[in-house]
Amino acid sequence: MSDNKKLQFDSKTVHAGMGDYEFGPVVPPIYQTSTFKFESVEQGASLFKGEATGYIYTRLENPTIEAMENAIAELEGGHKALGCASGMAAISTIFFTLLKSGDHVVCSKFVYGPTLTLLQNILGKFGVESTFVDTEFPEEIEKAMRPNTKVVYVETPGNPTLAISDLEAASKIAHAYGALVVVDNTFMSPALQQPFKFGVDIILHSMTKFLNGHADVVAGIIIVKDEEMFQKMRKVLNQLGGVIDPFNSFLVHRGLKTLSVRMQKHCENAQIVAEYLENHPKVKWVRYPGLKSHPTYQVGLKQHNGTGGMIAFELKGGLKAGEVMMNSVKLCTLAVSLGGVESLIQHPASMTHFSMGEEARKNGGITNGLVRFSVGIENVKDIIEDLEQALAKIPKMEKAEA
Ligand SMILES: *Cc1c(COP(=O)(O)O)cnc(C)c1O
């Protein structure tokens, strides 16, 4: 295992996290057990004291979970990782570990919806204050910093507008104020973006998306850089209880083995689809990190090894056009979530972000004609043919709706 460090990233995705197991399996076995037998009172006691290595109880640690955690820690270039029941379990564990009443958080304004409401509604109730800024502009982060700011939370590319934030700049500012930088790396995965290289302190993922990649698991992960933070975070996770289970860990670890080839194909397809959409008469604008028209394209160039599978675009016909297009796609599945092998499309204004109301949507960059598209690994000709027929069903508008 130790010579894995010398391997290229795509080789690591295949081999990372493998341990030594009885009977010499080629992949980690699924230890589907809640608890582990002690050989004696003395052995049990030494496990609890942390003097012996071994397993006690699956909420604390389990070999199948540990294998997947080690794999992802290695891919992100971190020290250790903690598997969680969902992306939100990872995010809440991080906040409950790092924050206390009276602390302040600076958070990306273009962020996964439940992250924003967790900070506002739940942590707000416990006396944690949050300021939401457009982290695409480092000066906005700087302006929002206070003496009691403990965390700068950045999601890049952001949800759903694909705003790209400069992680190096964000880290410099946060560290100057003694705050930690937490990055949601879900949209890129370590195949395309490795935030630790830019000074970030903690990384998290919704593994539900690209890491697992097959739309059959809900899970999350936290990756840290040192043992002290690992122990701190682990205690809180064990006590809050939002841990992943062995079977989901096994599935994620299986998905990881194809991460590099999947991401390559996502990038290739999304680039072609983004260029196609940018030239389509019914599309007002397209945001994709691989398009030169992206406002922070240059930041992406220094931060990404590829431009990802997520596209946001605005239909000229607004809400109505969005509804028509969503009801007309055939190959692309009308569903929330992202990062699986299948193309998924959704219309935030009538779906995920409907309950926010129009004002709040506007503030978060969610216009009425905005479509979020997770480009799958199907043949790109089939994807474009499907978009073409769905866009053709949108009636010609007399005047474009705002
Ligand atoms: C889906 C998602 C989450 C939440 O993850 P769950 O696994 O659904 O809890 C967090 N951040 C981003 C960017 C996401 O896309």
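**Where two domains meet**

Visitor: Which salt bridge does Lys 302 form?

Guide: Happy to start there, with the note that this is a predicted model. The N to O separation is 3.1 Å, and the cut-off for a salt bridge is 4 Å. The side chain that meets Lys 302 in this salt bridge belongs to Asp 166.

Visitor: How many salt bridges cross the interface of domain 1 and domain 2?

Guide: Let's place the domains before counting. Domain 1 covers 9-30 + 62-256, and domain 2 covers 259-392. Across their interface, the number of salt bridges found by the rule is two.

Visitor: And how many residue pairs are in polar contact between domain 1 and domain 2?

Guide: Good follow-up. This count takes pairs with both residues at pLDDT 80 or more. Between domain 1 and domain 2 it comes to 17.

Visitor: Which element gives the largest share of the side of domain 1 that touches domain 2?

Guide: The elements giving two or more residues to that side are helix 1 (9-15), helix 7 (167-176) and helix 9 (246-256). The largest share is three residues, and it comes from helix 1.

Visitor: What area is buried between domain 1 and domain 2?

Guide: Contacts first: 36 residues of domain 1 touch 35 residues of domain 2. Carbon and sulfur atoms give 62% of the buried area. The total is about 3,000 Å².

Visitor: Which three residues supply 25% of the area that domain 1 buries against domain 2?

Guide: No other three residues of domain 1 supply more of that area. They are Ile 164, Leu 192 and Phe 210.

How values were computed. Residues numbered from 1 in each chain as written. Predicted model: local features only at pLDDT ≥ 70, side-chain atom pairs only at ≥ 80, totals over all residues. Heavy atoms only, no water. Domains from an automatic or database assignment. Contact = heavy atoms within 4.5 Å. Buried area = accessible area lost by both parts, 1.4 Å probe. Polar contact = N/O pair within 3.5 Å; in protein donor to acceptor, adjacent residues only side chain to side chain. Helix = DSSP H or I, 4+ residues; strand = E, 2+ residues; numbered from the N terminus.
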